[in-house]
Amino acid sequence: MSGTMMLWSGFAAAGAAIWLCILVLPWQPWRVRERLEPETADEVGEIGLDDVTVLIPARDEAAVIGDTLEALGHQGRGLRVILVDDRSSDGTAEVARRAAAESLPLAVCAGTPLAEGWTGKLWALEQGRRHVETPLILLLDADITLRPGMVRALLARRAESGAALVSVMASLRMQKGWERLLLPAFIFFFRLLYPFHLANKPNRWVAAAAGGCVLMEASALDRIGGFGAIRGALIDDCALARAVKDAGFRTWIGVTSGAASHRAYPTLGAVWQMVARTAYTQLRYSPALLLLCTLLMALSFWAPIAGLAGPPAAQIAAAAGLLVMAVCYLPTLLYYRLSPAWALALPLIGTLYLAMTWHSAMRDWGGRRSEWKGRVYGRE
């Protein structure tokens, strides 16, 4: 076998080896095991939720906040809601008041100008936290609706697991072509980066949370110093989980069909902006980690495709790599009731995510670390 053929075969074998390692890892990050589904609807009506305050930061969310509040009205008796109107320009507060009306006790807190050193969401949450009087806080994004019984399920998981922070990754909207192509993989890659099985262990090695829906003990939040402990974090959910674990508490994270985001990402540009906002942050703004990430993704996604055009040994390795790749991705597709055929597009999906990561890095090198809701966060 010539040197070129050996190199080609080795390249394809390396890609297959990466996916095989992911498949056989003891904590099996590709499986969808950590789940939390809501109680049945007929068990919800008389449930008292007096110990829980829902805290919602909202900036220009008039289009979605009505559905979110309407869904909260079906969770049970006594649930309190504080909405922090983060200087919206679209009448978010007025829409919220109309949506809550008589069905839900809603307090609207007018947000003050962004304090120095804070990100917008965390500054809004900190302002709302000062008005919470219950022992439990449910942090909920303005675009997420909860099925009846979801709050009760969160409470039950907290009691069962002994965790001070319980979070679920809301189902993203997967209706349009780009959403179906890219958003299941967003969740898949997140679980590879932050294996839920390890994050749910009491040790501090891995800490993860899904910021759209987080139930936590107010005392634990007080213990870490409130949201001020992570005031500048762009990936605030995982930063919060890290702070909670470092303070000696347990956390739990899983997926659910009981919480759903109705924020649309109908175009490639919309998904690109969402991912690029924090992709380089995930790599700790490290050029070395960016290059390592590029190498690993090239081996994972490009080597199997390139190997199909190589010598027989490379073709065998490439076919094995593509097969194991599909096997790893399949549970995510099935959980979200999507066609298994989308697994064939994973090399393309990985390439697009790598491009988004490089765009995120180049934006950071240009002095614009992140941008969201009209706010630009520059390099320190």
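Me: Is Tyr-194 buried or exposed?
Reply: In this predicted model, Tyr-194 is buried, because its relative accessible area is 16% and the cut-off for buried is under 20%.

Me: Where does Tyr-194 lie, and what does it touch?
Reply: Tyr-194 sits in the loop that runs between α6 and α7 (196-199). Leaving aside neighbours within four places in sequence, Tyr-194 is in contact with Val-206, Ala-207, Ala-208, Cys-238 and Gln-282.

Me: How far is Tyr-194 from Ala-208?
Reply: Their C-alpha atoms are 6.2 Å apart in space, and the two residues are 14 apart in sequence.

Me: Let me step back to the whole chain. How many helices and strands are there?
Reply: The secondary structure comprises 14 helices and ten strands.

Me: What does the radius of gyration say about the overall form?
Reply: The chain has a radius of gyration of 22 Å, which agrees with the value near 21 Å for a compact globule of 380 residues. Along the principal axes, the C-alpha atoms fill a box of roughly 75 × 50 × 40 Å.

Me: What share of the residues is buried, and what does the surface consist of?
Reply: Of the 380 residues, 54% count as buried. The accessible surface comes to about 16500 Å², and 59% of that belongs to carbon and sulfur atoms.

Me: What about contacts between distant parts of the sequence?
Reply: Taking contacts between residues at least 6 apart in sequence, 81% join residues at least 24 apart.

Me: And the charges, how many of each?
Reply: The chain has 37 positive and 32 negative charges, and their mean positions are 7 Å apart.

Me: Turning to the interior, which residues touch the most other members of the largest nonpolar core?
Reply: They are Trp-19, Leu-346, Ile-349 and Tyr-353, in a core of 53 residues. Helix α6 (residues 177-193) supplies the largest share of this core, with eight residues. Apart from this core lies another, of 35 residues, with Ala-58, Leu-140, Leu-146 and Ala-170 among them.

Me: Why would such side chains gather inside?
Reply: In soluble globular proteins, nonpolar side chains tend to be buried together.

Me: What does Tyr-353 touch?
Reply: Not counting residues up to four places away in sequence, Tyr-353 touches Leu-182, Leu-183, Ala-185, Phe-186, Phe-189, Val-275 and Met-297.

Me: Val-275 is in that list. Which residues of its helix, α10, are buried?
Reply: In helix α10 (residues 268-276), the buried residues are Val-271, Met-274, Val-275 and Ala-276. Their cover includes α6, α11 (279-282) and α14 (346-365).

Me: How many residues of helix α4 are buried?
Reply: Helix α4 (residues 120-129) is mostly covered, with nine of its ten residues buried. The buried residues include Trp-123, Glu-126 and Arg-129.

Me: Now Thr-53, where is it, and is it buried or exposed?
Reply: Thr-53 belongs to strand β1 (residues 52-58). Thr-53 is buried, with a relative accessible area of 2%. Beyond residues up to four places away in sequence, Thr-53 touches Arg-80, Ile-82, Val-132, Thr-134, Leu-136, Ile-137 and Leu-138.

Me: How far is Ala-218 from Thr-53?
Reply: Although 165 residues separate them in sequence, the distance is 9.8 Å, C-alpha to C-alpha. Ala-218 is in helix α8 (residues 218-223) and is buried, at a relative accessible area of 13%.

Me: Which residues does Ala-218 touch?
Reply: Setting aside residues up to four places away in sequence, Ala-218 touches Thr-134, Pro-135, Leu-136 and Ile-137. Thr-134, Leu-136 and Ile-137 are also among the residues that Thr-53 touches.

Me: A backbone matter next. What is the phi of Gln-28, and of Asp-60?
Reply: Gln-28 has a positive phi of about 45°, and phi of Asp-60 is near 55°. Most residues other than glycine have a negative phi.

Me: Where are these two?
Reply: Gln-28 is in the loop between α1 and β1, and Asp-60 is in the loop between β1 and α2 (65-72). Gln-28 is partly exposed, with a relative accessible area of 22%; Asp-60 is partly exposed as well, at 29%.

Me: Last one: is Leu-7 buried or exposed?
Reply: Leu-7, found in helix α1 (residues 3-24), is exposed, with a relative accessible area of 64%. The C-alpha atoms of Leu-7 and Ala-314 are separated by 9.1 Å, with the residues 307 apart along the chain.

Conventions. Residues are numbered from 1 along each chain as its sequence is written. This is a predicted model: local features need pLDDT of at least 70, side-chain atom pairs count only at pLDDT 80 or more; totals for chains, interfaces and linings use all residues. Side-chain values use heavy atoms; hydrogens and water are left out. Helices (H or I, at least four residues) and strands (E, at least two) are DSSP runs, numbered from the N terminus. The radius of gyration is taken over C-alpha atoms; the globule rule is 2.2 Å times the number of residues to the power 0.38. Buried means under 20% relative accessible area, exposed over 50%, partly exposed in between (1.4 Å probe, protein chains only). Contact means heavy atoms within 4.5 Å. Accessible areas come from the Shrake-Rupley method with a 1.4 Å probe; for residues, only the protein chains shown count as cover. Lys and Arg count as positive and Asp and Glu as negative; His and the chain ends are not counted. The place of a charge is taken as NZ of Lys, CZ of Arg, CG of Asp or CD of Glu. A nonpolar core is a set of buried Ala, Val, Leu, Ile, Met, Phe, Trp, Tyr and Cys residues joined through side-chain atoms within 4.5 Å.
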